[in-house]
Amino acid sequence: MSEQVSTTTGPATASDGGTPLVRARGLVKRFPITRGIILKRAVGHIHALQGVDLDIHAGRTLGVVGESGCGKSTAARVVARLLDPTSGTVEYEGRDITNLSRRQLVPIRRGVQVVFQDPYGSLNPRQSVGQIISTPLRVHGVKGDRRARVQELMEQVGLNPEHYNRYPHEFSGGQRQRIGIARALALEPRLIICDEPVSALDVSIQAQVLNLLADLQRDRGLAYMFISHDLGVVRHVSHQIAVMYLGNIVERAGRDQLYDAPKHPYTVALISAAPTGERGARTRRLLLAGDVPSPADPPTGCAFHPRCPKARLVSGDAGEVPERCRAEKPPLTPVDGAEGHEVACWYPIEAGDEERMREIQTQDITIDGHDVAGGGSDPGIDVQPAAKDVASDSTGL
Ligand SMILES: Nc1ncnc2c1ncn2[C@@H]1O[C@H](COP(=O)(O)OP(=O)(O)O)[C@@H](O)[C@H]1O
Ligand code: SF4
Ligand SMILES: [Mg+2]
């Protein structure tokens, strides 16, 4: 990201006090893999979320980062109650909303809105901008002069209110994302879930949209759950960051703490691959071996073990992983002396590890039958999200 992006509103502290706006606990989401055309039978499951806890605080931004397919969008949809979790709970303003009916969810939907990645796919091409932005007002039966309200919203997001009758194809990508943001703002939500909101935009346009989100947060005290595969973007907008890998949160901390003292080997690799910031200025990257394993058949123990350079460091053998990493799933555990910092790793990063991990990455190795030739040129990071991320639906109203 470029420097013109304004950073978060308020200090990027490790933790926020008080009752969170959203509190999710133990979220598990499994999608059945089916065979057969008429008689569909489940032949397995995609383990999209494997026990995720999230807190989102009023007026703050929780960044969620991880490679494509790690469960970010699923987490977003479960938190927004567009998807039911297989198990786990979601609380909103202290109230359990996990099992509410569609009707009971209506007032919650006013408070929690979603902005999707693809500003074109999420806008109905046959509706004018005025119709699109006024849809939530109509659906929720908001009284008053809707046209005036929509034009006010257009102005607030930097669109010309005179373009009320234009259609989405008449706008640029950045402007279309502004339309999506105006629609999300229409019901004056407390939380906007932004799922890769700038990933489809040029870098210069990304900065403008991120600045708009920051301004709106400052002016309205909005909370964001901000999802991106790009750590550089997440860094600019987040107060706290959760790093996801294969359906799990593997590390969570205040933004600065996460960047200055990452404890999970996967976070170290993500930061090392990010093209921006002081760390990005270094030429030697820590490249991860192999691809992300399939969430249909996640590895045992720590899901990161087939790719983990630290595990190899601990075992002292580039082809070996400690038994514990292979057999036991590490829980998210507080980091000593660092408030609000948690890591899910049996052998968190210590001083000097990064350099030593780089040294072993050049060796060719096989772990648990996974061919993870070390030092591959593709870090498997910063990949574009899959096309399925593109929502054809609007805000899920
Ligand atoms: N509706 C669905 N049906 C089946 N599998 C799904 C569905 N949505 C997501 N998945 C799978 O769940 C995993 C996590 O996907 P997703 O949450 O979209 O990840 P991300 O947003 O991090 O790229 C992927 O393997 C994806 O293919
Ligand atoms: S638990 Fe083991 S495999 Fe998992 S991240 Fe830590 S060192 Fe690596
Ligand atoms: Mg996604």
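**Figure 1. Helix 9, a mostly covered helix.** Helix 9 runs over residues 265–273 and is mostly covered, with eight of its nine residues buried. Here are the buried ones by name: Pro265, Tyr266, Thr267, Val268, Ala269, Leu270, Ile271 and Ser272. Keep in mind, here and in every other view, that this is a predicted model.

**Figure 2. The whole chain, for orientation.** Before zooming in again, take a look at the overall tally: the chain has 13 helices and 14 strands. It is 397 residues long, and 47% of those residues count as buried. Now think about contacts between residues at least 6 apart in sequence: 71% of them join residues at least 24 apart.

**Figure 3. Helix 3 meets helix 4.** Helix 3 covers residues 129–139 and helix 4 covers residues 146–156; their axes come within 10 Å and cross at roughly 110°. That angle makes helix 3 roughly perpendicular to helix 4, because angles from 65 to 115 degrees get that label. The crossing of these two helices is right-handed. On the helix 3 side, the contact uses Gly130, Ile133, Ser134 and Leu137, while helix 4 brings Arg146, Arg147, Arg149, Val150, Leu153 and Met154. Sorted by class, the residues of this contact are five nonpolar, two polar and three charged.

**Figure 4. Helix 3 again, this time with helix 5.** Helix 5 spans residues 173–185, and its axis and that of helix 3 come within 7 Å, crossing at roughly 30°. Helix 3 and helix 5 are therefore roughly parallel to each other, because the label goes to angles under 35 degrees. Helix 3 passes helix 5 in a crossing that is right-handed. Val129, Ile132, Ile133, Thr135 and Pro136 of helix 3 make the contact with Ile179, Ala182 and Arg183 of helix 5. By class, that contact has six nonpolar residues, one polar and one charged.

**Figure 5. What sits around ligand 1.** Count the residues surrounding ligand 1 and you get 14, the closest being Phe31, Ala48, Lys72, Ser73 and Thr74. Two elements give two or more residues to this shell: strand 2 (41–56) and helix 1 (72–79). Helix 1 supplies the largest share, three residues. As for the mix, the shell around ligand 1 has six nonpolar, six polar and two charged residues.

**Figure 6. What sits around ligand 2.** Here the shell has 13 residues, and the ones that come nearest to ligand 2 are Cys302, His305, Cys308, Cys325 and Cys345. Break this shell down by class and you find 10 nonpolar residues, two polar and one charged.

**Figure 7. Val22 and its neighbours.** Val22 belongs to strand 1, which runs over residues 22–35. Is Val22 buried or exposed? Val22 is buried, because 24 other C-beta atoms lie within 10 Å and 20 or more is enough to count. Leaving aside residues up to four places away in sequence, Val22 touches Leu54, Ile56, Val79, Val90, Glu91, Tyr92 and Leu191. Find Ala80 too: Val22 and Ala80 are 58 residues apart in sequence, yet their C-alpha atoms are 9.7 Å apart in space.

**Figure 8. Asp195 in strand 7.** You'll find Asp195 in strand 7, residues 191–195. Asp195 is a charged residue that is buried, with 25 other C-beta atoms within 10 Å. Not counting residues up to four places away in sequence, Asp195 touches Ser73, Ala76, Val114, Phe116, Gln117 and Ile227. Arg77 is 118 residues away from Asp195 in sequence, and the two are 9.4 Å apart in space, C-alpha to C-alpha.

**Figure 9. Two glutamates with a positive phi.** Most residues other than glycine have a negative phi. Glu93, though not a glycine, has a positive phi near 50°. Glu93 sits in the loop between strand 4 (87–92) and strand 5 (95–96). With 15 other C-beta atoms within 10 Å, Glu93 is partly exposed. Glu188 also isn't a glycine, and its phi is positive at about 55°. Look for Glu188 in the loop between helix 5 and strand 7. What does Glu188 count as, buried or exposed? Glu188 counts as exposed, because there are 11 C-beta neighbours inside 10 Å and the cut-off is 12 or fewer.

Definitions and conventions:
Residues numbered from 1 in each chain as written. Chains lettered and ligands numbered in written order. Predicted model: local features only at pLDDT ≥ 70, side-chain atom pairs only at ≥ 80, totals over all residues. Near = placed C-beta within 6 Å. Axes fitted to C-alpha atoms, helices over the stretch in contact; angles between N-to-C directions. Helix = DSSP H or I, 4+ residues; strand = E, 2+ residues; numbered from the N terminus. Parallel < 35°, antiparallel > 145°, perpendicular 65-115°, else oblique. Left-handed = near helix turned anticlockwise from the far one by under 90°. Contact = placed C-beta atoms within 7 Å.
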